[in-house]
Amino acid sequence: MSAAESSVPQIELVAERLVAGGACLAREPSGRVVLVDGALPGERVRVALTQQKKTLAKGDVFEVVEASPQRVAPPCPALAAGCGGCDLQHATHDLQRAAKAGIVADALARIGRLRDVAIDAGEYLDPWAHRTVLRCGVDADGRAGLRHRRSNDVLALDACPVAHPLVDEVLAGSHFPGAEEVTVRVGARTGERLVVVAPSAGAVQVPDGVQVVGADRLDGTDPHPGAAVHEVVARCRFRISGGSFFQSRPDGAEALVRAVRRALGTVDPATARVADLYGGVGLFTVALGVRRGVLVERAASSAADARHNLAGREVVVVADSVEAWAQDRAHAFDAVVADPARAGLGATGVAAVARTGAGRVALVSCDPAALARDARGLVDAGYRVVGVELVDLFPQTHHVEAVTAFELDGP
Ligand SMILES: C[S@@+](CC[C@H](N)C(=O)[O-])C[C@H]1O[C@@H](n2cnc3c(N)ncnc32)[C@H](O)[C@@H]1O
């Protein structure tokens with residue numbers, strides 16, 4: 001034990017359950033809650049306390065005294081060097097999936113006051129080599145990598161075990177002198193590779209065939225020519241420009257589409273009028289085979305890609321915020337697919353969904369607390385929660401995607 005380590009207060013505790021954010025909740029004999037990074041449910045651990053407040057403390061596992069049978073040795077060397085990209089590599093994939101279901105159930109009960117909601121842990125997705133998008137920092141030598149666990153320092157990477165091999169090729173073979181941040185995006189099923197460099201492309205070196213664009217060249221409305229990759233999801237081809245959002249793995253996008261399809265119940269996307277809110281480049285409208293309706297997307301780049309990807313359908317693409325679209329006039333739809341950003345729908349988004357009068361709503365949420373608030377809002381607006389299906393888009397991390405099905409219960 002080093003002198004610095006021995007000066008940190010330590011305590012031995014039994015960890016109870018994984019909570020939102022990836023830490024494990026434990027309690028001191030006084031009742032004070034301690035959030036422990038690196039512990040697993042049921043483990044007796046020695047914790048180095050890093051923060052102490054009256055009712056809450058935080059700490060890191062200093063020693064595992066009694067290990068969980070669900071503990072595994074993290075295979076990633078970068079993690080041991082301090083990489084902050086993954087926080088659950090020390091847990092089996094089964095435990096990660098079960099923990100995520102518990103976190104969503106807890107948020108729905110505590111924040112949404114919705115108990116006994118059926119939660120399905122969802123389909124198994126490959127826990128390794130899946131990420132087709134990696135947002136990286138750049139170190140002083142121009143090497144791209146991920147941030148350290150508790151600092152903004154960049155740990156240069158040649159490979160990342162959760163990244164798609166095409167991303168690894170870009171990481172290993174590139175040099176970005178003077179850049180602050182790079183986003184590597186690949187089309188796993190087309191082989192295309194693109195790097196967006198911030199603030200500008202400058203004198204970068206990348207492997208042959210990799211497209212490069214400066215963030216300063218992405219003006220949104222007119223995507224920089226060539227600054228796009230294509231991806232194939234559910235046998236549909238999508239253009240994704242450098243400034244546009246797309247899910248971070250095509251098999252995960254397919255699992256999401258299937259979960260949304262199940263959430264829509266008896267609604268037939270091919271004939272129903274569907275509102276695809278926060279629609280991005282058109283993933284759900286296209287892959288579900290929606291032919292009539294609207295797609296609302298605020299980001300100009302994504303909306304431009306959606307127009308391209310939706311060509312030939314009677315679907316109006318509204319390049320505006322959902323809030324502005326909803327204020328415009330009342331819109332009647334049979335079904336809504338809503339996939340907001342991390343903050344969730346919020347009160348205005350909930351009102352926008354409710355104003356459609358849709359009989360069925362599929363809400364895609366990437367934050368359990370936001371899901372719980374939105375679910376409460378939709379229930380108060382007359383909807384009933386049918387059930388939740390998780391889509392494990394980000395194995396090895398605490399991040400969880402949930403598709404919740406709602407049915408209109410009353411007028
Ligand atoms: C999580 S992404 C989902 C995109 C798409 N559904 C998909 O799966 O690829 C959320 C999208 O909502 C857009 N967005 C965020 N806030 C919005 C708002 N207030 N109104 C409309 N779109 C918004 C973002 O630009 C982003 O494309």
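What follows is a short exchange on how domain 2 and domain 3 meet in this predicted model.

Reader: What makes domain 2 a domain of two segments?
Author: The division of the chain gives domain 2 as 93-126 + 249-408. Domain 3 is given as 133-233.

Reader: How do you know that domain 2 and domain 3 are in contact?
Author: Contact requires heavy atoms within 4.5 Å. Eleven residues of domain 2 are in contact with nine residues of domain 3. The C-alpha centres of the two domains lie 28 Å apart.

Reader: How much area is buried there, and which residues of domain 2 lose the most?
Author: About 680 Å² is buried between domain 2 and domain 3. Carbon and sulfur atoms give 70% of that area. In domain 2, Pro250, Glu254 and Ala300 lose the most, together 52% of what that side buries.

Reader: Why is the pair of arginine 189 and glutamate 254 called a salt bridge?
Author: The cut-off is 4 Å between a side-chain nitrogen of Lys or Arg and a carboxyl oxygen of Asp or Glu. The closest N and O atoms of arginine 189 and glutamate 254 are 2.7 Å apart. That is within 4 Å, so the pair counts as a salt bridge. The count between domain 2 and domain 3 is one salt bridge. One residue pair is in polar contact between these domains, with both residues at pLDDT 80 or more.

Reader: Which helices supply the side of domain 2 that touches domain 3?
Author: Helix H5 (250-263) and helix H7 (300-309) each supply at least two residues. By class, that side of domain 2 has six nonpolar, two polar and three charged residues.

Notes
Residues are numbered from 1 along each chain as its sequence is written. Side-chain values use heavy atoms; hydrogens and water are left out. Domain bounds come from an automatic or database domain assignment. Buried area is the accessible area (1.4 Å probe) that two parts lose on being put together, summed over both. A polar contact is a pair of N or O atoms within 3.5 Å; within protein, one must be able to donate a hydrogen and the other to accept it, and residues adjacent in sequence count only if both atoms are side-chain atoms. Helices (H or I, at least four residues) and strands (E, at least two) are DSSP runs, numbered from the N terminus. Ala, Val, Leu, Ile, Met, Phe, Trp, Tyr, Cys and Pro count as nonpolar, Asp, Glu, Lys and Arg as charged, and the others, Gly among them, as polar.
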